[in-house]
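Grab a pencil and work through these exercises with the model open beside you. Try each task before you read its solution.

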Amino acid sequence: MTVKKNPLLIHRREHAEALLEKYDNFLFDCDGVIWLDEKIIEGVKDTLEFLKKNGKKFAFVTNNSSKSRQEYLAKFSSLGIQGVTKDHIFPTCYAAVQALESDLQVPKKSKIWVLGDSGIEDELEEAGYIPVGGTDARLNQAFRADHEFLTVDPEVQAVVVGSTKEFNYMRIASTLQYLLWKNKTIPFIGCNIDRSYPGPNGLILPAGGSVVNYMQYTADRDFINVGKPSKVFLEAILAKNGFDRSRTLMVGDTLYTDIKFGNDGQLGEGCGSLLVLTGGTTPEYLHQFLQNPNHYDEGESMIPSYVIRSLGDFVDIIQS
Ligand SMILES: O=C(O)[C@H](O)[C@H](O)COP(=O)(O)O
Ligand SMILES: [Mg+2]
């Protein structure tokens, strides 16, 4: 795989025009690119409208499993982003269901144990699975060793873990029973590997990868990561949309998920990757990383092809 060692900073009109010329399809990360919590990032709506007017196609790819595609649809609409349909949205709760259906071939109507928010439960139900655990209020209780959820339900076929703000000892302990069960053989799907994410008011908050890795550690077993930078996830999105990878640009704020996702999609010329600085990667961190990429676990596979301060700047740059 070859990636550019020095990302091009998009700040002049000719840079933006070159991107427009080179790419037909855009994969947008959401947290830190499109919005921060419930607030759209300034200028993003105009950039998306500009790209659409220019015939560009797009998909939204988020590692955030807390909302279903249907709920994301409502969020796009409430933020005034027009023209988005369910087919444009790829959260990892949906990727988890696809993995159960296609890769693991878990039969429909099976029970699936969930540690995560309602997005996972809703997508499972829509696909014909039966979620258990998850947001069940009985799991909000203080830990009791005789709690009904500490006895495994023999009908459960797999475990899906994602982000949740309801991460308590009852949920950890009950999920652990399934991960240890049958000599640790039932599938363990993790929705993402993100350590943290950019929340409201400049806060950096714990993300789903922290929950998944907690469970991996306590169960002492690996998980199947269905989120970015999973190549399976990328291939499914490219195929579903009919996107030519050499004309596709991944836009994200995180090096080890989004940028690696775009870069790993490279075959021949490959997907491009554009880093924005409105989320989890600060200019200082990027500078430090580019000094010595090989010092980092994923090394050169995390070097973006391009950098822009904000996706919202694109329309101003091209019209300047
Ligand atoms: O677990 C989470 O909450 C997500 O990892 C985090 O929000 C990242 O989402 P993304 O940037 O992929 O939209
Ligand atoms: Mg992000």
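Below are four short exercises, each with a worked solution.

This is a predicted model, in which local features need pLDDT of at least 70, side-chain atom pairs count only at pLDDT 80 or more, and totals for chains, interfaces and linings use all residues. Residues are numbered from 1 along each chain as its sequence is written, while chains are lettered from A and ligands numbered from 1 in the order in which they are written.

**Exercise 1. Work out what surrounds ligand 1.**

Step one: collect the residues near the ligand (C-beta atom, placed from the backbone, within 6 Å of it). You should get 13, with T62, N63, D194, A207 and G208 the closest.

Step two: sort that shell by character. It holds three nonpolar, seven polar and three charged residues. Here Ala, Val, Leu, Ile, Met, Phe, Trp, Tyr, Cys and Pro count as nonpolar, Asp, Glu, Lys and Arg as charged, and the others, Gly among them, as polar.

Step three: check the domains, whose bounds come from an automatic or database assignment. Domain 1 (8-63 + 228-318) and domain 2 (93-225) each supply at least three residues of the shell.

**Exercise 2. Describe how strand 14 is covered and paired.**

Start with burial: a residue is buried with 20 or more other C-beta atoms within 10 Å of its own, exposed with 12 or fewer, and partly exposed in between, with C-beta atoms placed from the backbone. In strand 14 (residues 248-252), five of five residues are buried. Strands here are DSSP runs of E, at least two residues long, and helices are runs of H or I, at least four long, numbered from the N terminus.

Now split the faces. In a regular strand, side chains alternate between the two faces of the sheet. T248, M250 and G252 cover one side, L249 and V251 the other.

Last, the pairing, which takes at least two DSSP bridges between two strands. Strand 2 (residues 25-28) runs parallel to strand 14 over four bridges, with L27 opposite M250. Strand 15 (residues 272-276) is also parallel to strand 14, again through four bridges, and L249 partners G272.

**Exercise 3. Place K109 and K182, and say whether each is buried or exposed.**

Most residues other than glycine have a negative phi. K109 has a positive one, about 75°, and sits in the loop between helix 4 and strand 7 (111-115). K182, at about 50°, lies in helix 6 (residues 169-184). K109 has 10 C-beta neighbours inside 10 Å, so K109 is exposed. K182 is exposed because 10 other C-beta atoms lie within 10 Å.

**Exercise 4. Find the geometry of the K228 to P229 peptide bond.**

Read omega: near 10°, so call it cis. Then locate P229, in the loop between strand 13 (224-225) and helix 8 (231-241).
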